[in-house]
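Here is a friendly walk through one model, from its sheet to its helices and on to two serines. Have a look at the fold before reading on.

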Amino acid sequence: MKRNFLITGGAGFIGSNLVNELLKNDENNVIVFDNLSTGRISSIDQNNKNLKFYKIDLKKPFHEWPQFNNIDTVLHFAANADVRGGQENRDIDFYENVIVTKSLCDYASINKIRKVSFSSSATVYGEPDIFPTPENYSSIQTSVYGASKLAGEAYLQAYSEYSDFKVTIFRFVSW
């Protein structure tokens, strides 16, 4: 049975590895949305017949994104990934992370996508004093980036509560 995936940020490090892994199974169709601001098209198997790539700025209104009515799962990796940059540019994480994620929620709802996975970050915990940090840890935000990822999680959870789609959130840690 064919499965159809949409991967935002699919030319980035994590996204491209997932794209290439999914394409190993001929039963998977993969659609990639990426603006190539930090990702590289050369990181994904462009010759695979089951891949469709769209260079797109996801800050554009979601109704201007390519529309599909048969996507099973969205894997949302598109984001500004510069944690420290928010100290200088306090708008970038809001637009790249919060606005894009909210638009993705609307896109998934309108296109009747049933599953959304989100790449969040351990920065949502701020500077915890408990390790390993439990998911219910009450944090104090220490970066605009962490706040933007927490806001993205909240939007996805709210849409999930409205039964628009099922959401899975991954809080990645980098060392």
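The report below starts with the sheet, then takes up the helices and two individual residues.

**The sheet**

This is a predicted model. In it, 6 strands make up an open sheet, with parallel pairing and the order E3-E2-E1-E4-E5-E6. Strand E3 (51-55) and strand E6 (166-172) are the edge strands, each pairing on one side only. From one strand to the next, the twist averages 15 degrees.

Strand E1 (residues 3-8) and strand E4 (residues 73-76) run parallel and are joined by 4 bridges. If you would like a landmark there, Leu6 stands opposite Val74 in E4.

**The helices**

Two helices that lie across strands can be set side by side:

| Helix | Lies across | Angle |
|---|---|---|
| H1 (residues 13-23) | E1, E2 (28-34), E3, E4 and E6 | about 160 degrees to E2 |
| H3 (residues 144-161) | E5 and E6 | about 160 degrees to E5 |

Helix H2 (residues 92-110) allows a simple check of length. Its 19 residues, at 1.5 Å a residue, should span 27 Å, and the end C-alpha atoms are 26 Å apart, so the two values agree. The buried residues of H2 include Val98, Val100, Leu104, Cys105, Tyr107 and Ala108, and also polar or charged names such as Asp93, Glu96 and Asn97. The packing partners of the buried residues of H2 are E1, E2, E4, E5 and H3. After H2 comes Lys112, with a positive phi near 55 degrees.

**Two serines**

Ser16 sits in helix H1. Is Ser16 buried or exposed? With a relative accessible area of 5%, Ser16 falls under the 20% cut-off and therefore counts as buried. A polar atom of the Ser16 side chain lies 2.6 Å from the backbone oxygen of Gly12. Setting aside neighbours within four places in sequence, Ser16 is in contact with Gly10, Ala11, Ser43 and Ile44.

Ser117 belongs to strand E5 (residues 115-121). Its relative accessible area is 13%, which is under 20%, so Ser117 is buried. Which residues does Ser117 touch, not counting those up to four places away in sequence? They are Val74, Leu75, His76, Thr168 and Phe170. Phe170 shows how the chain comes back on itself in space: Ser117 and Phe170 are 53 residues apart in sequence, with their C-alpha atoms 7.5 Å apart.

Terms used: Residues are numbered from 1 along each chain as its sequence is written. This is a predicted model: local features need pLDDT of at least 70, side-chain atom pairs count only at pLDDT 80 or more; totals for chains, interfaces and linings use all residues. Side-chain values use heavy atoms; hydrogens and water are left out. Helices (H or I, at least four residues) and strands (E, at least two) are DSSP runs, numbered from the N terminus. Buried means under 20% relative accessible area, exposed over 50%, partly exposed in between (1.4 Å probe, protein chains only). Contact means heavy atoms within 4.5 Å. Two strands pair if DSSP finds at least two bridges between them. Axes are lines fitted to C-alpha atoms, for helices over the stretch in contact, and angles run from 0 to 180 degrees between N-to-C directions. The expected span of a helix is 1.5 Å times one less than its number of residues. A polar contact is a pair of N or O atoms within 3.5 Å; within protein, one must be able to donate a hydrogen and the other to accept it, and residues adjacent in sequence count only if both atoms are side-chain atoms.
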